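Open your viewer and get ready to select as you read. We will go from stop to stop, and at each one you will hear what to pick next.

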Amino acid sequence: MLGLVPSSSSSHLLCRSLAAARTLSVAAAGSSSSSSPVKMARSALDEVTDTGAFDRTPSTFRSFVFRDASARFPAVAGRYHLYVSYACPWASRCLAYLKLKGLDHAISFSSVKPIFERTRESDDHLGWVFPATADEVPGAGPDPFNGAKSVRDLYEIASTNYTGKPTVPVLWDKQLKTVVNNESSEIIRMLNAEFNDIAENPGLDLNPAHLQVSIDEVNGLVYDAINNGVYKCGFAKKQGPYDEAVTTLYEALDKCEEILGKQRYMCGNQLTEADVRLFVTLIRFDEVYAVHFKCNKKLLREYPNLFNYTKDIYQIPGINSTVNMEHIRKHYYGSHPSINPYGIIPQGPNIDYNAPHDRERLFL
Ligand SMILES: N[C@@H](CCC(=O)N[C@@H](CS)C(=O)NCC(=O)O)C(=O)O
């Protein structure tokens, strides 16, 4: 699951051939011949195995943007657009990178509407759609480049007969009119390393070589047990897989709580990729996952270190603009009718993440 993009320019050739090989293999897997009907995954809720456990499908478009001007996708200002949903933790980590690296002037972005809607009149697929006008839903904007009605339309522009799940984030190439990459763990590594010639904060390295092993180790724990773990709790259709996911989730949260009792961030006293990846799940935890995904064994605000850490990261300049709690709450409670049939949004707890935290006092 982890991206494998080394940040040094000497490894670009290796990276590029890996990326090309992956693009070819997934493009082949994603294209269907007209004689073989392919079932389209309608949403994450359809990705549940016969055992009742949630099993996330890997992302499809895996090309890379490189600093090198001769690359197929060169890191040029104004060429790319990031389609996100403010509700989505995977998209939000990309948005956090745009802000932290000072790339939001060079890479445009827009958010879809928070609640899934029908994407076609001809079938019953439910997914991300764009508002018709800029003032229909605060925070969401119409597709500025392709006139797409839905994210599904974008995937079909990029690849006719696309049969996978039309997910956000999407890193879109305006020039070639295609999806460069739809895997957030890879997009953030590109944003960290490849756009430094046009970034306002090129010196910020969230994936420094000396912390690489530690970052990958933390990501390994956090991705499976926490980021994806909350979905495994929420989408489980049987008690056994739910119980297993909850146990794994809380073991990992306890471990993070312990680590954060000794240091300010997950890999030491500097902010890294591992923190951004953990933060996007923590900020949604008490507002949504505790209720909607049944992660209520212990609340985030009952973990002193994790709770203060979440406030600490939220208060880093730029980060609060990536957290739209209105979209987050509307999306989850409103888009999964099999979990919340009436779409009722609970009123609480409305936590103030701007409240003071104790992280500076303890660790600087
Ligand atoms: N592996 C992808 C996962 C992206 C993903 O699953 N996004 C969700 C939103 S949080 C989505 O777009 N789901 C569409 C659906 O369920 O139909 C990444 O990290 O970029």
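The tour below visits a sheet, a hairpin, a ligand site and a few unusual backbone spots.

Before you click, note that this is a predicted model, in which local features need pLDDT of at least 70 and side-chain atom pairs count only at pLDDT 80 or more, while totals for chains, interfaces and linings use all residues. Residues are numbered from 1 along each chain as its sequence is written, and side-chain values use heavy atoms, with hydrogens and water left out.

**Stop 1: the sheet**

Select strands S2, S1, S5 and S6: in that order, these four strands form an open sheet with mixed pairing. Helices (H or I, at least four residues) and strands (E, at least two) are DSSP runs, numbered from the N terminus; two strands pair if DSSP finds at least two bridges between them. At the edges you will find S2 (108–111) and S6 (178–181), each pairing on one side only. From one strand to the next, the twist averages 35°.

Now add helix H4 (residues 184–193), which lies across S1 (80–84), S5 and S6 and runs at about 80° to S6. Contact here means heavy atoms within 4.5 Å. Axes are lines fitted to C-alpha atoms, for helices over the stretch in contact, and angles run from 0 to 180 degrees between N-to-C directions.

**Stop 2: the hairpin**

Zoom in on S5 (residues 170–173) and S6, which run antiparallel and are joined by three bridges. Pick Leu 171 to find its bridge partner Asn 181 in S6, then Asp 173, whose partner there is Thr 178. Four residues sit between the strands of this hairpin, where Lys 177 has a positive phi near 50°.

**Stop 3: the ligand**

Which residues are closest to the ligand? Select Arg 56, Cys 88, Trp 128, Glu 183 and Ser 184, the closest of the 20 that surround the ligand (a residue counts if one of its heavy atoms lies within 4 Å). This shell has eleven nonpolar, five polar and four charged residues, with Ala, Val, Leu, Ile, Met, Phe, Trp, Tyr, Cys and Pro counted as nonpolar, Asp, Glu, Lys and Arg as charged, and the others, Gly among them, as polar.

Polar side-chain atoms of two residues each lie by a ligand oxygen: Trp 128 at 2.7 Å and Ser 184 at 2.6 Å. For Glu 183, a side-chain N or O atom is 2.8 Å from a ligand nitrogen.

**Stop 4: backbone surprises**

Most residues other than glycine have a negative phi, and most peptide bonds are trans. Move to the loop between helix H3 (151–158) and S5, which holds Pro 169 and Asn 161. The Val 168 to Pro 169 peptide bond is cis, with omega near 5°, and Asn 161 has a positive phi of about 65°. Finish at Pro 349, in the loop between helix H10 (325–335) and helix H11 (359–363): the bond from Gly 348 to Pro 349 is cis, with omega near -5°.

Note on methods:
Polar contact = N/O pair within 3.5 Å; in protein donor to acceptor, adjacent residues only side chain to side chain.
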